[in-house]
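I opened this notebook to keep track of what I looked up in the structure, one entry at a time. Each entry records what I searched for and what I found.

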Amino acid sequence: MSIHTGVAAAPDFSRYVHVLLEAARGYRPLALLDLDKFHANAAAMSARAAGTKIRVASKSLRMRSALEAALADPGYSGVLAFTLPEALWLAANGIRDIVVAYPTADREALRQLLQSEASEHVTVMVDSAEHLEILRDVARSSTVPAGARFRVCLDIDASYAPARHRTGTLSTKLKVGPARSPITTVEQAISMVHACEHADVNLVGIMMYEGQVAGVSDGAHTFRGLAVRALQALSKRDIAQWRAEVVAAVRELVNLEFVNGGGTGSIESTTAEAAVTEVAAGSGFYGPELFQHYRSFRPAPALHLLFDVARRPAPDTVTVLGGGWIASGPPGKDRLPVPVWPEGLRYSPSEGPGEVQTPLTGPAAAGLKVGDPVFFRHAKAGEPLERLNSVLVYSNGEIIDEWSTYRGEGKAFL
């Protein structure tokens, strides 16, 4: 089985430290982006997509400069945003073809959308009559230009459902996958198409995200890993059939601009489906810890978090300032940031990672002194950037730039 590594070489942490010292940079909580590995990962994902368009998931990048760099690479077009205010801000800064991945009830942001040129470039997500009622009410507001219409995308369930009944209600007990859309049958999808017509919105796309494949690593050499691989194999066959049925039925009623599916973890299987016109991806640019445990690919770690040693409470223990940036999802070890350099560090079993300080033990701790750097890899891609104002950009052996995060630009969208 081939492994897509992005780049052959592992991160050269000693070189990163040397460059930071030359640039007189400290190690207080900061992030370093290896731009060479970022672009190598982009090329590897594009190769995996085999010609299918990749829409960049902004949730995983959370820097405008990173979005622009991703969109400049061949094979990438459009952004999958996570909130409407974010999409409005990106559109105001020149980014086009934005799909908001999650439904919104933010009436003020919806009004702003119809009042601006962004209405031509931003598509909002719906999965129920309630969403359409909100859109219709906003469009009928006296502050909205007459005739203004929302571009909408229909979010349809893409969970694995071994007992899926195409003409009945699907029990959630028989589903494996994200709890997203309530649209679980072809009939419900058709009903929503007709509802979009009555709501005077322009239905332009379908989104079906198979998170049980795209977002769950399959590389563990355990019984759980074996079960995940078996479940994903079944799910890939199921979603291909289910997505083809839904898309065919909807296309009988409306001309769709796009059918979006999958994510970084399912690029090959999703793009193999004839019904799919584009796949979303974001985490693969940075290569976070969760994506180091897939069998068919492994992005090069490109985004690194640095924390400095602030104290030595014992000969075999050091404490770094910060470090406890836990990833979202089910609580567990796989949501913790991983100390990756110097090798041989581990969390104190009695404390674990802390928001303000993190004790570390292990063989490497004895050789560290106050002020030394420790590199961590976050479990997920974009989340740690909510805690930083900027990221240092490294390329060809030197720091070449400093990019502002969303937070650094004064934006907090979630």
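**Entry: a pair within one helix.** I began with R111 and E108, which are 3 residues apart in helix α5 (residues 107-114) and are therefore separated by about one helical turn. The model I am reading is a predicted one, and in it the side chains of these two residues meet in a salt bridge, with 3.4 Å from N to O. I then looked up how open each partner is, and found R111 partly exposed at 24% relative accessibility, while E108 is also partly exposed, at 41%. As a general note to myself, side chains of opposite charge can pair when their charged atoms come close.

**Entry: salt bridges elsewhere.** I looked up the total and noted 19 salt bridges. One of them joins E386 and R62, whose closest N and O atoms are 2.8 Å apart. Because E386 lies in the loop between β15 (373-377) and β16 (390-395) and R62 in the loop between β2 (53-57) and α3 (64-72), the pair ties together parts that are 324 residues apart in sequence. E386 is partly exposed, with a relative accessible area of 22%, whereas R62 counts as buried at 9% relative accessibility. I wrote down one further contact for R62, since its charged end sits over the ring of F82, 5.1 Å from the ring centre.

I also recorded the salt bridge between the side chains of D372 and K369, at 3.3 Å from N to O. Here D372 is buried at 15% relative accessibility, and K369 is exposed at 54%.

**Entry: a network and an unusual backbone angle.** Which residues are linked in a network of salt bridges? I found K53, R55, D97 and E278 in it, and I followed D97 further. D97 is found in the loop between α4 (84-92) and β4 (98-100), it is partly exposed with a relative accessible area of 26%, and it has a positive phi of about 55° although it is not a glycine.

**Entry: helix α2 and its two ends.** I measured nothing by hand here and simply read off the computed values: helix α2 (residues 35-49) has 15 residues and reaches 21 Å from its first C-alpha to its last, close to the 21 Å expected at 1.5 Å a residue. Its buried residues include L35, F38, M45 and R48, and R48 lies over the face of F297, at 3.9 Å from the ring centre.

At the start of α2, I noted that a side-chain oxygen of D34 reaches to within 3.1 Å of the backbone nitrogen of D36. D34 itself lies in strand β1 (residues 30-34) and counts as buried at 3% relative accessibility. The C-alpha atoms of D34 and V393 are separated by 6.2 Å, although the two residues are 359 residues apart along the chain.

At the other end, A50 comes just after α2 and takes a positive phi of about 50°, although A50 is not a glycine. A50 is placed in the loop between α2 and β2 and is exposed, at 67% relative accessibility.

**Entry: helix α7.** Helix α7 (residues 186-198) has 13 residues and spans 19 Å from its first C-alpha to its last, close to the 18 Å expected at 1.5 Å a residue. I listed V186, A189, M192, V193 and C196 as buried in α7. Seen down the axis of α7, its buried residues fall within an arc of 120°, so they line one face of the helix. After α7 comes D200, whose phi is positive, near 60°.

**Entry: aromatic rings.** How many aromatic pairs does the structure hold? I noted 16. The rings of Y76 and F285 have their centres 5.2 Å apart and their planes at 50°, so this pair is tilted. The pair links distant parts of the chain, with Y76 in strand β3 (residues 76-81) and F285 in helix α11 (residues 283-286), 209 residues apart, and both Y76 and F285 are buried.

I then found a cluster in which ring pairs link F13, Y16, W341, F375 and Y394. W341 came up once more, as a cis peptide bond joins W341 and P342, with omega about 0°, and P342 lies in the loop between β12 (338-341) and β13 (346-347).

Conventions
Residues numbered from 1 in each chain as written. Predicted model: local features only at pLDDT ≥ 70, side-chain atom pairs only at ≥ 80, totals over all residues. Heavy atoms only, no water. Salt bridge = Lys/Arg side-chain N within 4 Å of Asp/Glu carboxyl O. Helix = DSSP H or I, 4+ residues; strand = E, 2+ residues; numbered from the N terminus. Buried < 20%, exposed > 50% of the residue type's maximum accessible area, 1.4 Å probe, protein only. Expected span 1.5 Å × (residues − 1). Arc of directions from axis to C-beta. Phe/Tyr/Trp six-rings, centres within 6.5 Å; stacked < 30°, edge-to-face > 60°. Lys NZ or Arg CZ within 6 Å of the ring centre and 35° of its normal. Polar contact = N/O pair within 3.5 Å; in protein donor to acceptor, adjacent residues only side chain to side chain.
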